[in-house]
Structures are given as structure tokens and as C-alpha cells.
Amino acid sequence: MKSYKSKISLCVLVILVLFSCSTKKNTLVRRSFHELTSYYNYYFNAYESYKRSLRRVDETYKYNYTFPLPVLLLGNSDVNGMVGGDMDRAIKKSTDLITKHSITVKPARKAGATTLKEKEFYSQTEYVKWVREAWLLIGISRTWKGSYDEATQTFEYITLQYPNTTIFFEAQLWLARISIINGDYLNAEDKLKSIESNRKRPKTNEFKYLLSSTWAFFYAKQTKYDEAIPYIKKTLDLSSFKSERLRLTYLLAQLSVKAEKNDDASLYFAKVIKMNPSYEMAFNAKIGLASVIKGAGNERDMKKLLIKLSKDEKNKEYLDQIYYTLGNIEKSEGNIEKAIEYFKLSASKSSGNNHQKGLTYLTLADYYFAKPNYTQSQAYYDSALTSLDNTFPDYQKLETKTHYLTKLVESLNTVNREDSLQRVAKMSITDRNALIAGIINKIRVEEEKKIAQENEDRQRSALYQQNMQYRQNETQSGKWYFYNQAQLSFGQSEFQMKWGKRKLEDNWRRKNKRVTTIEMGTTNQQNTADSSKTPQKVLSNKSIEYYLQDLPTNDSLIRISNERIVDAMFKIGEVYQNDLKDYSETVKAFEKFAQRFPDNPYTLKAYYNLYQVSLFTNNAVNAQKYKDIIVSRFPLSTYALMLTNPNYLKELSEKQNEENKFYQAVYDSYQKGDFLNAIAQADQGLSKYKGSKLESKFNLLKSLSIGKTSDLHSFRTSLNEIVEKYPKTDVSEAATNILEYIRKQELRLASTQTKDTVKNVETVKTEDVKLAVTYKKPKGEHLFIAVVPKKSNLNQLKFNLVSFNVDAFINIDLSVNNQPLNEFFDLIRVEKFKDSKQAMEYYQAIISKEGLFNPLKPDDYSLFIISSENYTLFLMDKSLVDYLKFFNSTYK
């Protein structure tokens, strides 16, 4: 009976719950139902997905122990990819929760006065706790997966909807974290200080952990590690995650090393080892511990430990770090040569850890740079730059330094190469041939060794084939191959017989992996070469001609070689002076240059650079010496005038101001349309300020004025002179643009047969330009001319005209020929007609015949007739504009 009644009671309760939930009223039963189902059906699963993604990060993320470990793994692109799928599921579940279980309707108020607690309850905008938590989880998940804009919108929504709640403050912290990731440190700091100053903030350990870790993240991202350390320690105390405690403890050890607090560092490294970390972290902690322990006995013990570690097969991939640490220990003890040996071993053993390889190369580069041995240091800096990425601290400085050293080494190599070639070129033929014979003999010996190795490989391969045949006849045991040690040993021996000892890596079959790259590069160069050029004979490196081809054996080649040496030697001095700031090497470089090339135009500049370096290094004696050389040997130079006349720069400035005013006056005349006066003033300026910076501009104004007052031929000639006289300048570029404009107008005129069009085009640019030649009244024999663009199929066009002549003008003895007009057009001429009337009949017949000049379009070519007398003038002037104007006014 009791069981029956309990069942009835349960049914009634379910009915009441369902009834309550079917209505939209905010009741206790309805709230309880949504709280329960939203958590177990949605939030629990969403949060599990979220935690699963973070566990995956802990298990799979690879730390770079070369640099300080991150406080938080937020904002890392690798992490974004790891968590994407699970975070998306968490977002999906949370979104479904909000859609199905949100209650925003206000509940019915009780009669009578309400308490403060009741007022807070009625003022809520959301009555299901897990809906609020779902919004927060959505924002956090979006942050972890790198969707920062969407996450920001979510957190801002939370701060507006749920003010002064726990999730309000948590949302503020996450907004601060996003600002830190985006580099907006001012905004992040404002948010963090605002939270700290708010007395209503939560006082739970969980919130304290979030706040301290965000402050630590804030300072660490800016590499302000001194300010970050207190917050890292506080976060470490509050954290409940082992992986995070390990990471932060290791980070504190690294920061202690940076601050040269070796005792603290050794304590933290030892603590990491005791916390049972992953093998990789434990190994790096041991390496770190070895690097900070001081004292002869301790260092001796650590060296023994490291050498022991290097012999362990498990540490094969960490050999670069072991040898690097050994190098640092030897360096600290003053054993530099032994340290360099270990550093080179570290570089050679490095396989997958590019950061460690880059760090080793950088250490070697710094060593050789300090010696200084710039050639070797450049090679190591270049390797370091290749191995490291732009996340490396001071990467920009490393890139700049490498660039400077590369310039220096390229110039040094140029000088050495050209000197060697000149030295060999000066040898007697007997000595030179003997030197080349020695080189060729060495190449032959190397080739013989290579052939012998190939024969050995073939024998090994044959033996391998025999063994394979033998194995096929053997009875196989039932034990699986990888559990059969005898089979494994046999397989290893078999592999070595065929291939020799090979490193486990990509492309292991290739002995020389560089060959493929080089061959591909050569092929590409050959493919991109101009196919129109005559292929050159490829010389064998065992022929004497191969070594003679680059030798400067005549005066012309020696001059070219010396020019290369001059440029390279002067550049060497400039790199030492301006880029590397090595003033002792600067003095050596420029003095060597001045001694070798005393009459070179660069020599004056070299002496002035030596004078400047002497002043900068406070060497008054040398400064006076170089000043005397400049004044005595180059008395009229700008440098000599500067050194002897204290007011020279002031006077020069006044002169430049005067020149600028004069130029402005010429320009004003041009602007006012007083072109003749502008030409006269420009000539005066060219005479008065010859060789100045404004000389080219005076010439341009003069040319433009000529274009307004003279014929097109003169205008074009003056522009061409500017282009030739001032190459690679703004003035030359302007003149080139005008010439190009004129060419385009001629092209338009050449494709136009109406008088109005000619007039319109002329008014665009040449309205005031006179004809360069005066064409005579046409009489006597005439020619028909077709002006076609360069690269037209002249043979096809001439064939079309010949066919037309046979069909329509068989009674006239006509010939068809062609000749170039200028760099843009070719002429096809049909000759000769007895007079203008007969030529005009031919012209009319031609323009009436469609398709005669296919595939050219009508706008691409121009047709006209011309007398033999005027044709001679036309070829002298070569102005299509001028003749077409004459043609349209005379014949039409």
C-alpha cells in the first residue's frame, strides 16, 4: 500500500514539474528543474570537453627550454590548434544550454516588504546559475582557441548583463588577458588595477590565482621578469595543477639564472627534478643545474655527469644541449679552446632542436666576432639567423649584424679573388700551367677515390644479393621478426653491407644531399637563360682553358678587375666605420686603400674618413696628419675648403639660398608664359651655377620652354640630352615621361587620318610647337607609305601589298620594300608613282580594301603618300606629327 502511495506521489510530483515547466512563469520548481537538467545534460559535458583539451595541451605541448618558459600557454598558435575541436564542443554544448534553459522572466513578488536579499534576487537578469557559467565558459573557450574578437564580445556581454557578480570579475580578468595577448598593455593594466581596487571582488583562492597569474602573464610578456617573479611565486602557491607548478618552478629557475642568482636557480632546478617531471624536463633541469653549480669540485662532478649522460643512448637527441653546457662550464673555467671544441660538437650533433642549434651558432659567432675574426663570425651569425626565428630576443639586431658582416665578407672575398686572379695572370706561362696542372691532378685523385668507393659499394651490393639468395633457402623460425634478436642483428648487418653506415634522417639514400639542390638550381638558371643567345661551350674542370677563362690577361680586363677591387676595398672601410664601429680596422682599411690607389677619386673620401675617425677617437696627431694630406693634395676639394675655411659651410648655405632664389625666378617666368625670358635666365643660371645640384633643373626648365617656342624636333632633342646627361635622376625621369607622352601622341596621329583629329591631338601638348622642317609643294614622283608598329609581321604585310598590286595595279611597275623609322615604327613603302594624282588613286584604293593589313587593327597603323623630295626631308626629321599635319592640309 505504501509503495502504491509513493508511486502516486512521485507521479504527482512529475506532473507538477512538467506543468510548471510548460508555463513561462518563474517558479521555484521551474528554476530547480532547469538548474538540474542544464548542469547534468549540458554544462557537465561542456566543462569535461574543456578540461580534456587542456589535458591534451599538458601532454603534447613541447616547451622550448632554450628561452624562459611561458607563464600561461594562452596566445600560442600551436596551442590554438591543439584545443580547437574540444573547445568547439564546449562552446556548442554551452550554447545549447543557454538556448534551452535560460530564465529571464521575473518571478512573482511576495506581498509586503522585501528584504535586501530578496531585492538582489528580484534584480537578477538570469535566474539559472549554469546559464551564467555557460557564458563564461564560451568566452574562455574562444580565448583558448584564438578567437579573440568573439571572446571579447562574449566577456563584454557578461560584464553588462551580470555586474558585480563573480563571473563579472572573471570576465574582466579574461579581457585583460586578451589585451595582453594583443600587446595592448595599457588597457590590460587599467583593467587589472581596476579589479584590484574594487572591494567587491571575490576573495576565493581560485580568483586570487586568476588575478596573480594574469599579473605574472602581464609582466612576463613584456620581459619585465623582476616585476613578474613575485606574482609567479604567488601563482605557484595557489595553483592546483601539477603541470603548471612544474612549468612555473622551471621558469623561476631560468629567471634566477638570468639574474645571476645561481644559488636560487640550483634550488629551483633541484625542486623540478624532485617533482617527477617528464623525461625531457628532468633532463633540461639537470643540464640547468650543471650550468649554475660553481666550485671546482662541483664543476668537476657535473662534467663527469654530463659526459656520462652523453654516452646514454636515451640522450642522443639531447647531445647538443649536453655539449653546449660542457662548453659553458669550460668557458667559465677559462678553458676557451676546450669550450669552443664543445660548442662545435654541440652544433654538429644538433638535429631537431633549431633553437639550441641557433644558440650554439650565436655563441661561436660572438666568440669569433670578439677576436675579431669577421669572416668566421659571419658564417656562424648567418647559420644562427637561419636556425632561429623572429621570436628570439634581439632577433632584429642579429639580422642587422649578419647583414653588415655579409657585406664585409663579400667585399673581402671580392678583393681576395681579384688579387688571386691578377697574381696568376702575371705568372709566366710555365709557372701558370704548372699551378693549373697541380689543381687538375688533385681533382683526378679525388675522382679516383670516388670511383673506388663506388666499386666498393657495388661489391657490397653484390654480397648483399648473395646473402638474400641464401636467406631465401633457409627455414624461417616462427618467432616474430622484431622479437628475434638474431634476425635483427642479421638485418642490421645486411643493411650496412648494402648501404654502409647511414644516419637516421630524411633522404638517407643520398650521400651528398647538396647535389640535388645544386643541380636543380643549375637547371633553373639554364631554363631561365635567354634562349636566343648562342650557347657557350661548357669547359671541363680538368682542362687548362677552364682556369684561364676568368684571368685578366689584358689591359681592359685588368682595369675591370681593379675597379672591382676599388669598390670592394672602399666598401670594407665603410662597413668597419659605419656598421661595425671597429675604428682600428677602419684606419687599416682606408690607409691600405689610399696607398694602393693614390690617384683614385675615392682616395680623397678615404682620407676624409680617416680624419673623421681620428677626431672621434681623440687622436689629434693623426687628425692633423690627414688634414694636411687633404689640404696639400686636394686643395680645391670641398673637404679642403671645409677644413681651411671655418665659414665655408655658412658661405655655401648662402650661395645655395641665392641659387634657389634664382631658380625660383626662372620658374616664375615659365609659369607666367614668358618662355623666351625663361630660356635666357636658364642659360644664365647654367653658366653661373655650373655643377650645382640645380643644374639639371635649369636644363629641364629650358627644355620645357623650348617646347613652347620651338619645333618638336628641337624639343625632343633637348629632352634626350637631359636623359643622357643626368641618368637615374628625377629630372631624367621627368624628361623620359615627356618623351613617352610625345611618342604616344605620334602613335595616335599615325593611326588617325582626319584633319580634326590631328588638330585636337596637337592642342593637347604641341599647340605652340613649330615644324622642324618646311615641306615643299608636292610634285613629280611619289611613294605610298604605311607606318606600322615594330614587331609587325612585315613579310606578311608586304606579301599582301604585292598581291593587291598584281590584282589592281598590274599596269604600274611597283616595288614593295621596308625600312625602320625609329624605335617605335617601321615603314613599308610602295614606289614609284609618276605623280600625286596616280599615288592618290592608289591611296584611295588601299584604304577601301578591308583586311589588307590584318591582323593589325586600323588604329595600329597609318597610311599616306609623299613626294620623293619630301620623303628625304621626312627621313631627316622623322616626325610623324609634322608630316601628317602637312599631308592632311595638302592632299585632302
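In which kind of crossing, left-handed or right-handed, does α11 pass α13? The legends below take that up first, and every view comes from a predicted model.

**View 1. Helices α11 and α13 side by side.** Here's the answer to the opening question: α11 passes α13 in a left-handed crossing. Helix α11 covers residues 242-258 and helix α13 covers residues 279-292, and the two pack at an angle of about 20° with their axes 11 Å apart. Angles under 35 degrees count as roughly parallel, so α11 and α13 get that label. On the α11 side, look for Leu246, Arg247, Tyr250 and Val257; on the α13 side, find Met281, Asn284, Ala285 and Val292. Sorted by class, the residues of this contact come out as six nonpolar, one polar and one charged.

**View 2. Helix α13 again, now with α12 as its partner.** Helix α12 takes in residues 262-274, and it packs against α13 at about 155°, with the axes 9 Å apart. An angle over 145 degrees counts as roughly antiparallel, which means α12 and α13 are roughly antiparallel. Their crossing is left-handed. From α12, the residues to spot are Asn262, Ala265, Ser266, Phe269, Val272 and Ile273. They meet Met281, Ala282, Ala285, Lys286, Gly288, Leu289 and Val292 of α13. The class count for this contact is nine nonpolar, three polar and one charged.

**View 3. Helix α3 packed against α5.** Helix α3 runs over residues 77-101, and its axis sits 8 Å from that of α5, at an angle of about 160°. That makes this pair roughly antiparallel, and the crossing of α3 and α5 is left-handed. There's a long list of residues to hunt for. On α3 it includes Val79, Val83, Met87, Ile91, Leu97 and His101. Among their partners on α5 are Trp130, Val131, Trp135, Ile138, Arg142 and Trp144. Taken by class, the contact has 14 nonpolar, five polar and one charged residues.

**View 4. Inside the second largest pocket.** About 1100 Å³ of space lies in here. There are 37 lining residues, and the ones closest to the centre are Tyr47, Tyr50, Leu54, Glu206 and Phe241. Which helices each supply at least two residues of the lining? They are α2 (28-60), α5 (129-144), α7 (166-181), α9 (205-221) and α11. The most generous of them is α2, with eleven residues. If you sort the lining by class, you get 21 nonpolar, five polar and eleven charged residues.

**View 5. Some backbone oddities.** Most residues other than glycine have a negative phi, and most peptide bonds are trans, so exceptions deserve a second look. One is the cis peptide bond joining Lys371 and Pro372, with omega at about -5°. You'll find Pro372 in the loop between α17 (354-370) and α18 (374-387). Another cis bond joins Glu831 and Lys832, where omega is about -10°. Where does Lys832 lie? It's in strand β3, which covers residues 825-833. Then there's Asn164: it isn't a glycine, yet its phi is positive, at about 60°. Look for Asn164 in the loop between α6 (148-161) and α7.

Methods
Residues numbered from 1 in each chain as written. Predicted model: local features only at pLDDT ≥ 70, side-chain atom pairs only at ≥ 80, totals over all residues. Heavy atoms only, no water. Axes fitted to C-alpha atoms, helices over the stretch in contact; angles between N-to-C directions. Helix = DSSP H or I, 4+ residues; strand = E, 2+ residues; numbered from the N terminus. Parallel < 35°, antiparallel > 145°, perpendicular 65-115°, else oblique. Left-handed = near helix turned anticlockwise from the far one by under 90°. Contact = heavy atoms within 4.5 Å. Nonpolar A, V, L, I, M, F, W, Y, C, P; charged D, E, K, R; others polar. 1 Å grid on protein atoms, 1.4 Å probe; cavity = no way out; pocket = protein on both sides within 12 Å on 5 of 7 lines; lining within 4 Å. Points joined across faces, edges and corners; volume = space filled by probe spheres on them.
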